[in-house]
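Work through the exercises below with the sequence and the coordinates open. Each task is followed by a stepwise solution.

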Amino acid sequence: MRSELALRQAVVELETLQGQLGTLPHDDSVEWKRSLIQLRRLLQQQVVLVGQALADCETINADHSMKSHLRDLFSKMRSAIAFHQAQYPAVSIDLIDPAYKMSVQMVHAESLNFVTAIKRILPTI
């Protein structure tokens with residue numbers, strides 16, 4: 001049960017960080033960019049922790065099909081985040097660029113898919 005709790009906690013923290021990114025005021029100031037960079041770093045660290053907790057979760061490891069499905073969703077989320085951050089460094093973001101907005105939506109969708117699946121499997125989150 002410890003492994004399930006660790007995964008739950010890691011996912012809750014991931015959601016919290018994603019929420020902070022989503023509510024960060026978009027004013028294109030130097031302070032905004034610093035805050036964005038800091039939150040992105042924290043998000044990357046949390047993604048690593050979620051990946052470790054997912055790999056260690058006994059409930060998920062006991063079911064090969066579930067494990068494979070969740071690893072796929074996790075990989076899609078992680079890839080979307082990495083691609084977005086590589087394509088849109090904080091110093092060069094154009095907040096009105098439609099491609100940037102679409103990329104943000106893609107990251108949100110992939111993250112939501114993963115978190116929703118985890119919540120279905122471990123419903124006490």
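**Exercise 1: an arginine in α2**

Task: place R34 in its helix and decide whether R34 is buried or exposed.

Solution. R34 belongs to helix α2; helices here are DSSP runs of H or I with at least four residues, strands are runs of E with at least two, and both are numbered from the N terminus. The model is a predicted one, in which local features need pLDDT of at least 70 and side-chain atom pairs count only at pLDDT 80 or more, while totals for chains, interfaces and linings use all residues. Residues are numbered from 1 along each chain as its sequence is written, and side-chain values use heavy atoms, with hydrogens and water left out.

Next, accessibility: buried means under 20% relative accessible area, exposed over 50%, and partly exposed in between, with a 1.4 Å probe and protein chains only. The relative accessible area of R34 is 53%, so R34 is exposed. Last, distance: from C-alpha to C-alpha, R34 and V115 are 27 Å apart, with a sequence separation of 81 residues.

**Exercise 2: the span and packing of α2**

Task: check the span of α2 against the expected value, then list its buried residues and what they pack against.

Solution. The expected span of a helix is 1.5 Å times one less than its number of residues. For the 27 residues of α2 this gives 39 Å, and the end C-alpha atoms are 39 Å apart, so the two values agree. The buried residues of α2 are W32, K33, L36, L39, R40, L43, Q46, V47, V50, G51, A53 and L54. They pack against α1, α3, α4 and α5.

Now take one of them. V47 has 3% relative accessibility and therefore counts as buried. Contact means heavy atoms within 4.5 Å. Leaving aside neighbours within four places in sequence, V47 touches L14, F74, R78 and I81.

**Exercise 3: α4 and two of its residues**

Task: describe α4, and find the contacts of F74 and Q85.

Solution. Step one: α4 has 24 residues, and its first and last C-alpha atoms are 34 Å apart, close to the expected 34 Å. At its N-terminal end, D63 acts as a cap, with a side-chain oxygen 3.1 Å from the backbone nitrogen of S65. Buried in α4 are M66, L70, L73, F74, M77, A80, I81, H84 and Q85; their cover includes α1, α2, α3 and α5.

Step two: F74 counts as buried because its relative accessibility is 1%. Beyond neighbours within four places in sequence, F74 contacts V47, V50, G51, L54 and F114. The C-alpha atoms of F74 and I118 are 9.9 Å apart, at 44 residues along the chain.

Step three: Q85, at 18% relative accessibility, also counts as buried. With the same exclusion of neighbours within four places, Q85 contacts R40, L43 and Q44. The side chains of Q85 and Q44 also make a polar contact at 3.2 Å. Such a contact is a pair of N or O atoms within 3.5 Å; within protein, one must be able to donate a hydrogen and the other to accept it, and residues adjacent in sequence count only if both atoms are side-chain atoms.

**Exercise 4: α5**

Task: compare the span of α5 with expectation, and separate its buried residues from the exposed R120.

Solution. The 24 residues of α5 should span 34 Å, and the end C-alpha atoms lie 35 Å apart, which agrees. D97 caps the N-terminal end: a side-chain oxygen is 3.0 Å from the backbone nitrogen of A99. Y100, S103, V107, E110, S111, F114, V115, A117 and I118 are buried, and what covers them includes α1, α2, α3 and α4. R120 also lies in α5, but its relative accessible area of 62% makes R120 exposed. The C-alpha atoms of R120 and G51 are 18 Å apart, with their positions 69 residues apart along the chain.
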